[in-house]
Amino acid sequence: MPTASEKAAASHFVRSLSSLYPCKECAHDMAEAIEQMPPRIDSRADFSIWMCELHNHVNAKIGKPAFRCNLKELDEAWRTASRACELAQGKAHGEEAIS
């Protein structure tokens, strides 16, 4: 479980993103979303699911599909995301995918 200091740092980090975000409209939307659904920082699991829900909030606004906010699936995505990103980035740049 995070300490009180770690919880304060996590909350400050999330809230500061909305004021530092380069797109002013997006920053405003993020600040509103954070007010409507404050960060859940009592555990890594709570924070992971909250981040997914925040991401889905944004996806709904821009017409993208939602992710399943299931901790097991989120953990798996984090473990394999870098490889998936490498493959996607290679394809985006016309490079041959590495198998």
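This report covers two helices and a nonpolar core in a predicted model.

## Helix 2

Helix 2 runs over residues 24-36 and has 13 residues. From first C-alpha to last, helix 2 reaches 18 Å, close to the 18 Å expected at 1.5 Å a residue.

Its buried residues are A27, M30, A33 and I34. Down the axis of helix 2, these fall within an arc of 125 degrees, so they line one face of the helix. An α-helix has 3.6 residues a turn, so residues three or four places apart point the same way. The face turned away from the buried side carries K24, E25, E35 and Q36, which are exposed. Cover for the buried residues of helix 2 includes helix 1 (4-20) and helix 3 (44-62).

## Nonpolar core

The largest nonpolar core has six residues: V14, M30, A33, I34, W50 and L54. Helix 2 and helix 3 each supply at least two of them. Helix 2 gives the most, with three residues.

W50 is a member of this core. Leaving out residues up to four places away in sequence, W50 touches V14 and I34. The other contacts of W50 on that count are M37, P38, P39 and R40.

## Helix 3

Helix 3 has 19 residues, which at 1.5 Å a residue should span 27 Å. Its end C-alpha atoms are 27 Å apart, so the two values agree.

Buried in helix 3 are S48, W50, C52, L54, N56 and N59. Among them, W50 and L54 belong to the largest nonpolar core. G63 follows helix 3. The phi of G63 is positive, near 80 degrees.

Technical notes: Residues are numbered from 1 along each chain as its sequence is written. This is a predicted model: local features need pLDDT of at least 70, side-chain atom pairs count only at pLDDT 80 or more; totals for chains, interfaces and linings use all residues. Side-chain values use heavy atoms; hydrogens and water are left out. Helices (H or I, at least four residues) and strands (E, at least two) are DSSP runs, numbered from the N terminus. The expected span of a helix is 1.5 Å times one less than its number of residues. Buried means under 20% relative accessible area, exposed over 50%, partly exposed in between (1.4 Å probe, protein chains only). The arc is that of the directions from the helix axis to the C-beta atoms. Contact means heavy atoms within 4.5 Å. A nonpolar core is a set of buried Ala, Val, Leu, Ile, Met, Phe, Trp, Tyr and Cys residues joined through side-chain atoms within 4.5 Å.
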